[in-house]
Amino acid sequence: MREVIGQRRLLARLGEQAVSGDVAQAYELSGPRSIGKRTVATRLAQTLLCTSEPRAPGGCGRCLACRKIENGTHPDVRVVVRLMDQDRGDDRKFISIEQIREMQQDLALRPLEGAWRVVIVDDAADLSEHAEVALLKTLEEPPVHAVLMLLTPTPSRLLETIRSRLQPLPFRLVPAQEIADALAARSLPDARTYAAAAAGRPGIAIALASDEAARAARRALEKEFYRLVGSGLTDRFAWAVELADSERDPQKRNVLLESRLVDWSELLRDAAIRAHGVERPLRPERASESARLADAIGPRELVDLAIAFDRWRRDVVESNVNARMLLELLALRLPYAPAFAGKAA
Ligand SMILES: [Zn+2]
């Protein structure tokens, strides 16, 4: 499929079928963040609504329809996301039933420009309970011109009655070589380094290779980790409180937690394999810190920590953990290495 990195086996048939209009009425696109779900949803919409002949999987990318879809202005493609307005009360934490009703009214009408109306719900796990039940009605009797795509990293949070009506499209981590080749093809710098750093998620590789802000954010998280490793409990608890209070919105707070757990489990993993004498770092630029951490903490403990952090990450993604409590536990569980005290990493 045009300009999609990875998922070849999954998408080859899907793309060919979509070109001839042979699509399911509803799909479940699942897989970790930054793996390409939104890109594939966009490409599938473009495949269906592209006006160039002959049709190609992913669309041509150049015709007016393809460009409108890319820019989010095509009248037959609707993206339903959680509204970010905090002041309107608690139900803005979810995709509301009103949003689903509005989508349904639209979906019932004939398409305006193409042969299809496409609805992308991202993230489907954000649907409120009522919204989910309302959506089920559409999935039970979809209009003939409707194609719905439900995107989520956590399909287990959807109602089973919903899932049973979706054709599953499970996304897998992408091999580093494939990501590196794709970055090089787009003339992005340091393809190999960023491909390795992304640990299978093309979106992260692209962000790191093309966006200084993404690189700075990553460096900031690394520094935060090493600073905490060199800090005592008083500083750590102050950190936990500050981070917990820095974001009121629980979902955004979970993203703050998740990004740290992803990042730090990789740093721990690097130190762990280093402690075992293996040289295959995800972050070669942090080789000296990994070596110092490996010297200070035993290899076994580092493996346990990396596993624990990854498990916590899953807990954060899959459920609404108590952020404050998790941060305090994290403060207690982080390894302590005086070698990092007072040093700017
Ligand atoms: Zn096109």
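In which loop is P54 found? In this predicted model, P54 belongs to the loop between α2 and α3 (64-71). The legends below describe this site and other close-up views.

**Figure 1. Two cis peptide bonds in loops of the predicted model.** The peptide bond joining E53 and P54 is cis, with omega of about -10°. P54 is located in the loop that connects α2 and α3. A further cis bond leads from D122 to D123, where omega is near 5°. D123 is situated in the loop between β3 and α5 (129-140).

**Figure 2. The open sheet of five strands.** The strands follow the order β2-β3-β4-β1-β5, and their pairing is parallel. The edges are occupied by β2 (77-80) and β5 (167-170); each has a single partner strand, so one side of each is left without a neighbour in the sheet. On average, and with direction ignored, neighbouring strands are turned by 20° against each other. Helix α2 (residues 37-49) packs on this sheet and touches β1, β2, β3 (117-122) and β4. The direction of helix α2 makes about 170° with that of β4.

**Figure 3. Pairing of strands β1 and β4.** Strand β1 (residues 26-30) and strand β4 (residues 146-152) run parallel and are joined by five bridges. Within this pairing, A26 stands opposite L148 of β4.

**Figure 4. Positive phi values in the segment before α1 (8-19).** E3, although not a glycine, has a positive phi of about 50°, and its place is in the segment before α1. Q7 lies in the segment before α1 as well; this residue, also not a glycine, has a positive phi of about 60°. With a relative accessible area of 9%, Q7 is buried.

**Figure 5. Salt bridge between R33 and E258.** The two side chains meet at 2.6 Å, N to O. This pair links distant parts of the chain, 225 residues apart: R33 is in the loop between β1 and α2, whereas E258 is in helix α12 (residues 250-275). R33 is partly exposed, its relative accessible area being 38%. E258, at 10% relative accessibility, counts as buried.

**Figure 6. Salt bridge between R43 and E70.** An N to O distance of 3.3 Å describes the meeting of these side chains. R43 in helix α2 and E70 in helix α3 are 27 residues apart, and the pair links distant parts of the chain. R43 is buried, with a relative accessible area of 5%, while E70 is partly exposed at 45%.

**Figure 7. Salt bridge between E224 and R260, with a further network.** The side chains of E224 and R260 meet at 2.7 Å, N to O. E224 lies in helix α10 (residues 212-229) and R260 in helix α12, so the pair ties together parts that are 36 residues apart in sequence. Both residues are buried. Elsewhere, R201, E222, D263, E266, R283, R286 and E289 are joined into one network by salt bridges that share partners. Across the whole structure, a search finds 29 salt bridges.

**Figure 8. A nonpolar patch on the surface.** The patch is formed by L233, M325, L329 and L332, which together have about 380 Å² of accessible area. Helix α15 (residues 323-333) supplies the largest share of the patch, three residues. L329, which lies in helix α15, is partly exposed, with a relative accessible area of 38%.

Conventions:
Residues numbered from 1 in each chain as written. Predicted model: local features only at pLDDT ≥ 70, side-chain atom pairs only at ≥ 80, totals over all residues. Heavy atoms only, no water. Pairing = 2+ DSSP bridges. Helix = DSSP H or I, 4+ residues; strand = E, 2+ residues; numbered from the N terminus. Axes fitted to C-alpha atoms, helices over the stretch in contact; angles between N-to-C directions. Contact = heavy atoms within 4.5 Å. Patch = residues over 30% accessible without salt bridge, like charges linked within 9 Å, V, L, I, M, F, W, Y side chains within 5 Å. Areas by Shrake-Rupley, 256 points an atom, 1.4 Å probe, with all protein chains shown as cover. Salt bridge = Lys/Arg side-chain N within 4 Å of Asp/Glu carboxyl O. Buried < 20%, exposed > 50% of the residue type's maximum accessible area, 1.4 Å probe, protein only.
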